[in-house]
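Please open the structure in your viewer and keep the selection tool at hand. This tour goes from one selection to the next and says what is found at each stop.

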Amino acid sequence: MRPDRILAFFFILLAFSLIGFAQAPNEGHKTEDFPSSEMPTPPGPPDGMSMQEWNRTAVKDPKGLLASSEAPPKPTAEEKRGVYSEGPGVESVQDDPTVVRVYPLQTLVNHATLIQVPGTVSKAWCGDLQGWTLEGEANYVSVKPLAADLSTNLHVLTADGRMENFRLTSAASGAYTDVFQVKAPAVYQPNPSQALEGQEAKLRKQLDAEYAKKLQDEVSQARQEWIRQYAGRTFFDYAIEQGRSFRVEGVFNDESFTYFRVRGDEKPTLFLETRQGHFPFYRWVRELVNFNVTGGDFYRVQKLLEPGQRFALKLRKEEVTITRKGDPR
């Protein structure tokens, strides 16, 4: 064989060797980068959760945060005191009858904040009724500030004796509490002292009602008895000669005093007149008699008319006489 052919064959063989050496590392690296045993697997449901539940969770939580094994977040300061935000501007608290709490409320000018308490509102006290408007109905209380940068307190008493306390502040703009709900506990036990006071008040009211009824019955019986006795010894057999400036009405006696009423702007003077002589030649002799006036127009005269006597009431030149019926005037 000629030397030039041997040299060409050698160069061809060397070229094929170099090509095979350059391709071998790439193929080996490709196999090592993607071994079948180390291929990543899609996340599956955690222990105790079915695939259907996992699918629903995956829809609600596409980032897989719920599947994380990390501890849940710590409660906030508001959650620790029982305040849970139900939405923008809405807060809810769980009432605890064993403690006394004061809830802060941020209000806004030209906006009303509605407070809901667990029970019918009996009474509400606001520290500043000039800077705040206050309205209530059923188990709701509405507060509204009339200016910004105000601060006051509010106490709401329910019909079952529970007191809810609030500290109100106002602002001209920004976030505020639109609705504040105080939720009733599962089992509510009123304060024992308040319950005792309520029972005492109820019993006192019942006793007062019974006493008032008994007193009314006794008064009614006494009035009826007085009417029976009074009607048996009261006499109205009087004749009156009326005048123009005043009028006499309702003359009677109770066997001790004589009574009558005088209607008019001015009150006349009272005299007792006794007839002296015989008909038709007799005259009336006048004398003052003891009497008093009550109620402005009711006369009580310490005298009973006897036969031949009469009362005379005189006002300037006008006179009115009162006589027993059947007795000459």
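How many salt bridges does a search of the whole structure find? The search finds twelve, and it should be kept in mind throughout that this is a predicted model.

**The whole chain**

Begin by selecting the protein chain and colouring it by secondary structure, which brings out four helices and 19 strands. The chain has 329 residues, of which 24% count as buried, and it exposes about 23500 Å², with carbon and sulfur atoms supplying 55% of that area. If you display contacts between residues at least 6 apart in sequence, 56% of them join residues at least 24 apart.

**A salt bridge between two loops**

Next, select Glu266 and Arg316, whose side chains meet in a salt bridge with an N to O distance of 3.1 Å. This pair links distant parts of the chain, since Glu266 sits in the loop between strand E13 (258-263) and strand E14 (269-278), while Arg316 sits in the loop between strand E18 (309-315) and strand E19 (318-324), 50 residues apart. Glu266 counts as partly exposed because its relative accessibility is 39%, whereas Arg316, at 54%, counts as exposed.

**A salt bridge between two strands**

Now move to Glu273 and Arg310, which form a salt bridge whose closest N and O atoms are 2.6 Å apart. Here, too, distant parts of the chain are linked, with Glu273 in strand E14 and Arg310 in strand E18, 37 residues apart. Are these two residues buried or exposed? Both Glu273 and Arg310 are buried, so each has a relative accessible area under 20%.

**Strand E19 and strand E15**

Select Glu319 and Arg286 after that, and look for the salt bridge between them, in which the closest N and O atoms are 3.1 Å apart. Glu319 belongs to strand E19 and Arg286 to strand E15 (residues 281-288), so that this pair, 33 residues apart, again links distant parts of the chain. Glu319 counts as partly exposed because its relative accessibility is 34%, and Arg286 is likewise partly exposed, with a relative accessible area of 34%.

While salt bridges are on display, add Glu249, Arg261, Arg263 and Asp297 to the selection, as these residues are joined into one network by salt bridges that share partners.

**A nonpolar patch**

Leave the charged pairs and select Tyr211, Leu215 and Val219 with the surface shown, where they form a nonpolar patch having about 290 Å² of accessible area together. To place this patch, follow helix H4 (residues 192-232), in which Tyr211 is found. Tyr211 is exposed, because its relative accessible area is 55% and the cut-off for exposed is over 50%.

**Around Ser142**

For the last stop, select Ser142, which is found in strand E7 (residues 140-145) and counts as partly exposed at 22% relative accessibility. Which residues does Ser142 touch, not counting residues up to four places away in sequence? They are Ala112, Thr113, Leu114, Thr133, Leu134 and Glu135, and you may wish to show their side chains together with Ser142. As a final check in the viewer, take the distance between the C-alpha atoms of Ser142 and Ala112, which are separated by 6.4 Å although these residues lie 30 residues apart along the chain.

Methods: Residues are numbered from 1 along each chain as its sequence is written. This is a predicted model: local features need pLDDT of at least 70, side-chain atom pairs count only at pLDDT 80 or more; totals for chains, interfaces and linings use all residues. Side-chain values use heavy atoms; hydrogens and water are left out. A salt bridge is a side-chain nitrogen of Lys or Arg within 4 Å of a carboxyl oxygen of Asp or Glu. Buried means under 20% relative accessible area, exposed over 50%, partly exposed in between (1.4 Å probe, protein chains only). Patches are made of residues with over 30% relative accessible area and no salt bridge: like charges are joined within 9 Å, nonpolar side chains (Val, Leu, Ile, Met, Phe, Trp, Tyr) within 5 Å. Accessible areas come from the Shrake-Rupley method with a 1.4 Å probe; for residues, only the protein chains shown count as cover. Contact means heavy atoms within 4.5 Å.
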